[in-house]
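This report examines selected local features of one protein chain. The sequence and the structure are shown first.

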Amino acid sequence: MDAALGAPAKMADREDDLTPMMAQYFELCREYDDSLVLFQVGDFYEAFCEAAERVARLCEITLTKREDSTGEYAMAGIPIDNAESYIERLLEAGYRVAVADQVQDPDEVTGVVDRAVTRVVTPGTLTEDELLRSADNNYVACLTASGSDGDASADESGRAGGSAAPRADESGPYGLALLDVSTGDCYATSADRLDSVADELGRFAPAEAIVGPDAPVDVFDGDCMVSPYERTAFETDRARERVEAYFGDLALADEAEVRACGALLAYAEYTRGGNPDAGDIGDDSTAAVADPDGTTAEGDATAALDYINHLTRYDPREYMLLDRVALESLELFDRRAVHGHQGLTLVDALDETACALGRRKLNDWLRRPLLDEDRIAARHDAVAELTGDVTLRERLHELLDDVYDIERLVSRVARGRANARDLRSLHDTLAVVPDVEAALADAESKTLVELRENLDSLADVRDLIDRAIREDPAAELTEGGVVKPAFDDELGALRETEREGKAWIDDLEAGERERTGIDSLKVGHNSVHGYYIEVTDPNLDSVPEDYTRRQTLKNAERFVTPELKEREDEIIRAEGRADDLEYELFCEVRRDVAEESERVQALAERLARLDVFVSFASVAAKFDYSRPEVGADGFEVEAGRHPVVERTEERFVPNDAHFDDQDFFAVITGPNMSGKSTYMRQVALIAVLAQAGSFVPAASARLPVVDRVFTRVGASDDIAGGRSTFMVEMTELADILQNATEDSLVLLDEVGRGTSTADGLAIARAVTEHVHDEVGATTLFATHHHELTAIGDELSGVFNLHFETEREGDDVAFEHEVAPGAAVASYGIEVAKMAGVPADVVQRSRELLAESDADAASEPAVETNGHDASERVRVSNTADDADGDDRSADSAADSRLATELEALDVATMTPLEAMNALAELKESLDE
Ligand code: ADP
Ligand code: MG
């Protein structure tokens, strides 16, 4: 953390002669030295000195000056009413923002008002609706390495726990915890290898992370704000205590997980204004927590986080693994969609959800497709039933449309930050539940029946809210208009007094006109002088004795009578007391509702699932998806489509996919733009959809359970990154070679393109052989290296597919239709022509191509004799094949190469080592 972010440097030498308010400000800055402190002064949040300059610049507000007895300070203030939009800017600039609210009523104290930090706004712990995207969760992560126990000394190099058995990775096992503070969703998992940690981070894409001592920070990507956190929070005992306080006595056996989870909860408390641990975050003076409208919720930060009560402990191996690279290249989410078909991502294409609960659940299911065949089938059952029943589907959609984001709402309730409108929204959502139950009355699939039977409409809570809270309550909580008078006897009496008083005043005008004979006499009210009787100047003579002058106007005088004054005081007293009472009653109701947050969360979860089922079914019906059978031995997809491309193409050409034990590795050739990449991704997306529980865009599909999808896109297809692309490509390849299994689906798209042809081909071949011989994963390999198609003859599992093109004279038209066998030519020049490259350039290209073809004819021709051509760059298996080969010089070189190659352990080499090794091999070949 950038220390002293908010603490102005000047303060040290002025400390002695500060005014009490400024002393308070600097004290808070010191306490929250990793944040920018916003300090409430009346209707503004102020920053002073250097922090003021920063805030003024980032928020584009005026820098002003404040003068007091001790001197002059720079000052910048943002209006509290509109604070969130400014806070957002500060977050975007990479700051944490500590909000220090006044926790005393200025009218009730003499001297300086107390302030306390009521929340620290950080990118990963947002709860403000204004700052959150409703369609997705917002996670903060916490990572610990085995050496992270605060008890352990840092130089005990990662084995501090002593209990850890030797692991594949130096400082594993790692504990990873993730929390969405806005919903209370909490996950914990552990991993032996840093790779797996990276994969899980790719899945959840946390906005922020805290790390324990010794935990690596380079595993997080650039979008994630990473900071080390209090060592003490990671101590096993402390962490365990905290975990148990939230989640009960559950068996979180894994120490690394306990530490990660405990520290994360401590951090969450810290952001809610708690001071969870000593250390440089500050002392333990726990101030009362207040919210901006003056609400003072008793209890500490822990109580405010009560709704975090359910921990999902998971093993990454329970879900299909989609790492960051796969998520990006399959364009599942819009997070950083680079390619995007007209900006459409998979989740967009599939999102027919009715409410925010469902939208987040859809994201979650796509992020974590299942591996368990029964669970997958159970989801398909529900989708099938809803697909077949339009009436039911539409009815449910309509009902779910009225469901509020009760998950985030109930967390606000628990934190004491919900207003009366929130409670009314909760009520309205609960009111929908019986209708949902009724709609599902005839449901037959086990999944839907279970869902219906477990729907809790929280009738008690709904009734309480309905009795207590007005239908159209005020947004403010302290000025009345919130609680129904009938809810409480005292409140009812007070409101009645108020009403009677006002009625008496309403009648007063007529009465006084009659009494005084002044027809123009008026009774009115203004906020400064209260009630008055107004008499115009010509009538002043008729004013009775008991009138007292209150105010003189240009042509009239205003009076009160003792009786009017008395009534007025009565009204004011009753109103004031009633407003206060309403607020108290409201807080009571809110607390009662908070008690039930677990039930509300359980309901939210079920409504969310139902919404996703309905969404899956709507998409299936609308776009003609079919129910996949998951658990087969291979892929058998008839007329499959790409779920996103088919939406943007006028005419999408469906394609089959067949993979089994015999033929599991397809080398796919065809010209640019013929549909190779689309085809490969479509196979993967069909698998992802099926395992997420959705139907799939195909006439029919039998699929295996895929444990992981690997996608690697050749460097030339990924210029956007601006990284050393070849390096990236090789790193990713190494990952596949190390981690793919027989059950994985591997997509290799033009791998080996980011280097010279010979290198590229060599790598492509070596990878093919390794995946084929050692891994056995279902693989689709699109390549422009036609030489690779020859492998099909040599390796039993490899077969060729190609995309057809139709020549019309000199032009080509793409049919986007996949067919068995290898493509015969590259249509690059025709594509160039189609793209508008000038005719003379196209012509010249043809001539050059003809020349190089003629040259090639003197060597073994690629198309007819690919086998020989590729022999030169064979990378393994050479020893076998070289048997009985008597082209002595070549084969001597070959076998020397083979020996050298065999000695290389590609799987453990760094990309740089691999490149160097390749360069050496090439050199030795040239000798
Ligand atoms: P390649 O990888 O062979 O260069 P792509 O898969 O990127 O080709 O496809 C190029 C374009 O062709 C896609 O953006 C899409 O618009 C279109 N396309 C691909 N496959 C099909 C298909 N099956 N039916 C219709 N259009 C397709
Ligand atoms: Mg492509």
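The text below treats helices, aromatic pairs and a few single residues in turn. The model is predicted.

**Helices α12, α15 and α16**

Two helices can be set side by side by length and span.

| Helix | Residues | Number of residues | Span, first to last C-alpha | Expected span |
|---|---|---|---|---|
| α12 | 373-387 | 15 residues | 20 Å | 21 Å |
| α15 | 420-439 | 20 residues | 29 Å | 28 Å |

In α12 the span is close to the expected value, and the same holds for α15, whose span is likewise close to expectation.

At the N-terminal end of α12, Asp-372 acts as a cap, with a side-chain oxygen 2.9 Å from the backbone nitrogen of Asp-374. Within the helix, the buried residues are Ile-376, Arg-379, His-380, Ala-382, Val-383, Glu-385 and Leu-386. The elements that cover these buried residues include α11 (356-367), α13, α16 (446-453), α20, β20 (629-630) and α22 (676-692).

The start of α15 shows a contact between Asn-419 and Arg-421: a side-chain oxygen of Asn-419 comes to within 3.0 Å of the backbone nitrogen of Arg-421. The buried residues of α15 include Ala-420, Asp-422, Leu-423, Arg-424, Ser-425 and Leu-426. Further along, His-427, Thr-429, Leu-430, Val-432, Val-433 and Val-436 are buried as well. Packing against the buried residues of this helix are α13 (390-400), α14 (406-414), α17 (459-468), α19 (562-595) and α20 (597-623).

Helix α16 has buried residues at Thr-447, Leu-448, Val-449, Leu-451 and Arg-452. These pack against α12, α15 and α20.

Thr-391 belongs to helix α13. With a relative accessibility of 62%, Thr-391 counts as exposed, because the cut-off is over 50%. The C-alpha atoms of Thr-391 and Ala-439 lie 9.6 Å apart, although the two residues are separated by 48 residues in sequence.

**Aromatic pairs**

The count of aromatic pairs comes to 22. In one of them, the ring centres of Tyr-32 and Tyr-270 are 5.5 Å apart and the planes meet at 15 degrees, so the pair is stacked, the limit for stacking being under 30 degrees. The two tyrosines connect distant parts of the chain: Tyr-32 is in the loop between α2 (20-31) and β1 (36-41), whereas Tyr-270 is in helix α7, 238 residues apart. Tyr-32 has a relative accessible area of 2% and is buried; Tyr-270, at 0%, is also buried. Elsewhere, Tyr-139, Tyr-187, Phe-204, Tyr-314 and Tyr-319 make up one aromatic cluster.

**Two loop residues**

Arg-272 sits in the loop between α7 (255-271) and β12 (289-290). What does the buried Arg-272 have as its nearest side chain of opposite charge? That side chain is Glu-128, 5.2 Å away, and Arg-272 has no salt bridge. The 5.2 Å separation exceeds the 4 Å limit, so the two residues are not counted as a salt bridge. Arg-272 does make a polar contact, side chain to side chain, with Thr-127 at 3.2 Å.

Phe-652 is placed in the loop between α21 (645-648) and β22 (655-659). Leaving aside residues up to four places away in sequence, Phe-652 touches Gly-640, Arg-641, His-642, Val-645, Glu-646, Thr-678 and Gln-682. Glu-817 is 165 residues from Phe-652 in sequence, yet their C-alpha atoms are 9.9 Å apart in space.

Methods
Residues numbered from 1 in each chain as written. Chains lettered and ligands numbered in written order. Predicted model: local features only at pLDDT ≥ 70, side-chain atom pairs only at ≥ 80, totals over all residues. Heavy atoms only, no water. Helix = DSSP H or I, 4+ residues; strand = E, 2+ residues; numbered from the N terminus. Expected span 1.5 Å × (residues − 1). Buried < 20%, exposed > 50% of the residue type's maximum accessible area, 1.4 Å probe, protein only. Contact = heavy atoms within 4.5 Å. Polar contact = N/O pair within 3.5 Å; in protein donor to acceptor, adjacent residues only side chain to side chain. Lys, Arg positive; Asp, Glu negative; His and termini not counted. Phe/Tyr/Trp six-rings, centres within 6.5 Å; stacked < 30°, edge-to-face > 60°.
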